Each structure stands twice: as structure tokens, then as C-alpha cells.
Amino acid sequence: MTDATSSKSTNPVIAVVGNPNTGKSALFNNLTGLRQKTANYPGVTVERHTGLLKLESGPITLVDLPGAYSLAAYSPDEMVSADVLLGRINDMPLPSAVLIVIDAANLRRNLFMATQVLELGIPTVVALNMVDLATKRGISINPELLGEKLAAKVVPIVANSGKGTAELKKALAKALKESPTERPGLIPEIRTAGRTLVDKLNGTDTTLTLFEAERALIDKDGAAEERLLNLAGDEARQMLTRSRDKLSSNGTVAALEARTRYAWIDKTVQAIETRQASKQLLTDTLDKITSHPLIGLILFFAVMATVFQAVFSWAGPIMDFIDNLTAIIGSQLSSTMPEGALRSLLVDGVVAGVGSVIIFLPQIIILFAFIIFLEDSGYMARAAFLMDRVMRSCGLSGQSFIPMLSSFACAVPGIMATRVIPNPRDRLVTMLAAPFMTCSARLPVYALLIAAFIPDTTLLGFLNTQGLVLFGLYLLGIFGGIFTALIMKRFALKGPTPTFLIELPPYRLPNFKSMGIRLLDRGQVFLYRAGTVIFTVALVVWALVYFPRPETVFAEFDSQRIEAIATLSDSALDDRLAEIDRTESATLLEQSYLGRMGKTIQPVFAPLGWDWKITAGVIASFPAREVVVAVLGTIYSVGGDVDETDPRLLQRLQNATNTDGTPVFTTGVAVGLMIFFAFCLQCMATVGIMRRETNGWKWPISAWCYMTSMGYIGALLAYQLI
């Protein structure tokens, strides 16, 4: 967000923690509004959401930590949460207070992590959220008594409506004035063993907190143990082993923690909570329908068809408007500026480059509006559950389905949608498979080649040949994605298909203010990060197409224009001048660095049957596939403003011949070119967003090389066999 706290802000910090589906993010958005910033924690792909909370005492930095069920740190999200609470993030101070968000209808589950956080000794406020839903279910909670049990202020709230926000702010302001104090642990024997570790190891150049010592004892092979062993080596390992043997005579230390905490939690909940007979709500009936194995699946496909249709077609008019607006701005600049490199840079480089970034926004906003709505309403968890069996055959879980489906419209929002996948390995595999889905940018290329080289005939009286080829290309993309997921899960990202455990949150109406904030955030993340990559590549391609500008070419075509003006008139003169302009553009493109690259690299693609013109078109299309239509239009002297249905371009492609008179586009070349576009990663927007989501260039470059190789092999086989 624009009005965000700096990572080096000196404001006091309050960490917001809680289980998933407790309304933590809704409360964070309610407290901070648009005063937010999204970034990554240093060295990891875990997102950091920070925002300004304005209290009477001054501005406060709120940090929204990833949802977790405990402070046992194994995943990157859990490690980040622990590091923030311990003050181990380099550009972030130790939190002055902690805000714990718990679900009033699920106290037993939520209090497990809450008791762990309280033992850190940081001043704490507990937000008892969704008290309205608890009341509807016949659950009554005594917040004052709960506060006494936890030794912390408990504030009942409804995050979606803002109820209780004012009282919560007062409690936070009061907590900031308190000093950190060590709280007694629920498990004295673990506290004693942890203190022994601290006393013995802190004298050996090892800085260890009591919390880390306890977590190292409890969480075998966790992040706390790993860090301790890295600092103290064999001595620490031996001490951990001896301590665990003493503590876990009746099981593991983790089991001891669970038994002790839940015993205290059960006793506490019994004292502060009363339940009436469970009421049957409308949402319960809806849950039974949407989770039904058959009815739920039918509804799921109906919902996904709506999402797919929206992303694919609803965004179309807006994208056309952006495209037309870009063309109008370019035309205005062209008419007001003298011809030259500066005008071309602004029109064909800057304006076209900015347009190529912004044009993706409608799809991203529409897709994420649906995803956020489905997530916040509680339906997304049920959709993932329904599709889990299908996705497990590919080595993935049900949460990979929606990003894969979204990629049929555009891989950029599809890859961004992998944020819903908590398992890092599954998330990465889904990112690598998503670009194979046939996105809308491939359609102009398919339409051009199918119309030009696939006969418009009918099979069996009702099957159109061209339609079958297009359907086959869609299936080819699906096959490429499934194949990639299978080999990645078996080799490069080897690991078992994860056991799919997911909490089904209650159905509820999303907070539209929170949805708007998150949508704005997603759009800005794309524009600021992926957009910079796309724009840079667009400028590079412009330079390759524009330079050099040989004077001999201009002199030759100027003489042709003079001759035409002297010998022709009226419409014949206009047609001749237009033809000269097109031929001049084609010649300049041939003489450009792009044309020279096409001729230089052409031998590499000669086994595919490509000449330098096809090669140049493919090179130019790497930033965005659909560019190949305009480039081929320029190369074949039809003009750069053509589309895939232009009969002049179709005829030029059909009649194109090599120097020996043989056709350039044989059936094998045409089919091979379609296969190449089906597999190859010709979209810098996708590469840019993949770089953003993986926090590095390793996987984007690997994906580009892998998909290009698949495209090359597919085109080679088609040319040699057809």
C-alpha cells in the first residue's frame, strides 16, 4: 500500500497472532484500513503484512503474522512467527505487545496457541472474535473470567462489523504501557529443564532465550532445535537427549505438552463457557449440501465455471478498453511528435510497455475478488476438500485445483492464487504446472495457424476439424501440466503427497471493506513487482526491433515514393504508398537486431523447418505470445495492426516460399509451431510473477528452459513425422 509504515519505523510494534479462520486478517484490515504495506520477510517467500494503527498515544505498527495452530516452528510461516515474537527479524524490533485473535465458537482449539504466546511474557490482549456466531450457536462466554484465567485483557469483538473495535484499541493502548514480565509455564518440569539449558549454554557464546530452550526440548527436529544445534553443536545435542529422556518417560515431550495444556484448557473452558442445545442454522444446511459427494461436486463445477467465465470474458471488455486506450494515446503521441527514435520509444516502448502490464489487471482483480470472497465465506476450504481425490492422482492436493483452473484464463493470476497452498513443495509444483494451461494469450496464435493451415471440414457429420485441433491443443496443455507435476513430485521436488487436513470454517458473509483492501493490495503487488519485469522486457524488445536504422533503406524507399507520386494519383497512389510503407517496415525489421538475431539463431531451429522470419517472430513473442501475430504481419508486409483473422496475413502465410520454391509453412511446420506455443513459456508476465512468488530467479529460469525444451522437442517431432 502507498501509505505504509516503513520497515525501519521506530513506532512500537504489536504482533497479531491467531489460528487460521479466526478472522485475524479481517480484524487487521479493520484496524489499519489502507495504511498497509505488503513485503516479504528477508530471505523467505513468506509475506509480511504491516499497517499503521492510530491510537491516542500515537501511531502503532501492526504486524499480521501467518495463521498457525501453535508456536512449534516447522514450516516457514511458523518460523517467521516465532522469529517476530522473539525479535529476531533484523529490521523489526521486539513487539511491545501481542494481540491474540481467537474464535469464540472454538475456544478449546484456539487456547492452545494462546497459552504458548502468553508464556513469552509480552503484554497481551485477547480479541474474542465472532461472538455473534457463538451466540447463534447457543454458546455463552464470560470474558472477564477468561481474562482472569489468562491474566490478560479479553475484549469481545465482531471483526466483520467492527463491533468492539473502540474497546480493543483502549486495551491495546493500555498494554503498550505495561512491561514484559515472565509468566509461569503451564508445565513446570519443561520450564525447569529449559532454564537449565539456558544457564549452561549461555556461557558458551550462545544466546538462547527460555522460550527457544523450551521449544527445542518439545519440538524434536524443529527450527528451535536446529538453531540450537548450529550454535552449540554436540554439547547441546547431548543435553537435549538427556533432558528429553527424563521428561518423556511416558511418551514424547510434545505429547506431554499437549496433555498438560489441554487439561488446563478443558478445565478453563468448563468454567467460563456455557452451551445450550446446538441450534440448526441455515449455514448448517448449506454445509451439508455443498459438502455432499455428488451434489457438492456439481455445485463446485458450477461455481468454478462461473469464475472461469468471469475471468475469461468479463475482463474482456475492460482489457479491450485498455488496449484501445493504449492505441489512442500512442496515436496522439505519434501525431504530435516528429518521427524519430524518441517518438518510437514513447509510443512503441513506454506506452505499449505500460499497456502490456495494465492489461492483465482486470483478470487479476476479477479472479482474486472471487477467490477472496470464496475464502472469506468459508467455501474455498470445502472446494479444496472436494477436489483433493482428483488432484492426488497428480501428486498434489485439492488446494492446487483452483490455481490450475485459473491459469486457463491467465497464468499470472493463477500463479498468484497458489498463495492458498500452505505446503511449499506443493505450491512450487503448482506454479511450474500452471503455465502449461492454455491461456487466452495463446488463442490468437492458435486461431491464426489453424485458420491458415487446418482445413475447415467436418468429421462424422458434426465434428469440425479446426475445433478438434483447438480442443487437442487444450488437452496438450493439460497433459503438459500433469506430466510436469508428476515428474517434479517424483524427482526434482520428491516427497510424499501430503496428508490433506483442512479445517472447514463456518459459512459467513465476507467483510467487503476487507475484500477491497486485499484486492487493492494484490493489484499493487502485481503492478510494482511483476510489472517492472514486463515493462523492462518490453523496452528491450522495442530496442531490438527499432535499431539499427540504415540510411540506405530509407533512401531506397524514398525514391520509390517519389516515383509513385510522379506516376500515380488518387486511390492508386494511396494504395502504392501504403504498400511502400509496409515493405519499408518489413525491410527495417529484417535489418534490425531482432531480424539479425532471427537469421543468426535460425540454424538452431532449422531442424523444426523454421526460416528466419518464423524464428524472429518467435523471439519477439517471448515477452508475450500474442505479439507474434503483429510481428508476422510486419515481416510479411501486411502491417503490424493486423489480427489473427486478417485474410491478407493468412494468404501471405499460405503462399510463403523458401528460396528453392518449397512452401515455408508445411503441415508439419504449422503443427510443430502450435505445439511449440502450447508448451513454451513465452510470457514474461508469468516469468516475472513466478520470480516474485519464489523470491528468486532459480525456478523461473528453470521453468523457462524446461518448457522451451519441451516445445522444441514437440515441434521437432511434428516436423519430422508429419
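Two strands are said to pair if DSSP finds at least two bridges between them. With that in hand, strand S6 makes a good place to begin in this predicted model. Strand S6, residues 124–129, is joined by 4 bridges to strand S8, residues 153–156, and the two run parallel. Within this pairing, Val-126 has Val-154 of S8 as its bridge partner.

Strand S6 also pairs with strand S5, which spans residues 97–103; here the sense is again parallel, and the pairing extends over 6 bridges. Opposite Val-126 of S6 stands Ile-100. Between these two strands, the chain leaves S5, passes through helix H3 (residues 107–118) and arrives at S6, making a β-α-β crossover that is right-handed. Val-126 thus offers a handy landmark, with Ile-100 opposite it and Val-154 as its partner in S8.

How covered is strand S6? The strand is mostly covered, with 6 of its 6 residues buried. Thr-124, Val-126 and Leu-128 point one way from the strand, while Val-125, Ala-127 and Asn-129 point the other way. Residues on both sides are buried.

Farther along the chain comes helix H9, made of residues 223–232. Its buried residues are Ala-223, Ala-224, Glu-225, Leu-228, Leu-229 and Ala-232. After H9 comes Gly-233, with a positive phi near 65°. On the other side of the helix, the loop between helix H8 (210–218) and H9 holds Asp-221. This residue is not a glycine, yet its phi is positive, at about 65°.

Some backbone details deserve a friendly word of context. Most residues other than glycine have a negative phi, and most peptide bonds are trans. Against that background, Asp-221 can be set beside Asp-570, a residue other than glycine whose phi is positive, near 55°. Asp-570 lies in helix H24, which covers residues 570–591, whereas Asp-221 sits in a loop.

Are these two aspartates buried or exposed? Asp-221 counts as exposed because its relative accessibility is 58%, and exposed means over 50%. Asp-570 has a relative accessible area of 62%, so this residue is exposed too.

A last point of interest is a peptide bond. The bond from Phe-547 to Pro-548 is cis, and its omega is near -10°. As for its setting, Pro-548 is found in the loop that lies between helix H22 (512–546) and helix H23 (551–567).

Terms used
Residues are numbered from 1 along each chain as its sequence is written. This is a predicted model: local features need pLDDT of at least 70, side-chain atom pairs count only at pLDDT 80 or more; totals for chains, interfaces and linings use all residues. Side-chain values use heavy atoms; hydrogens and water are left out. Buried means under 20% relative accessible area, exposed over 50%, partly exposed in between (1.4 Å probe, protein chains only). A crossover is right-handed if, with the strands pointing away from the viewer, the path from the first strand over the helix to the second runs clockwise.
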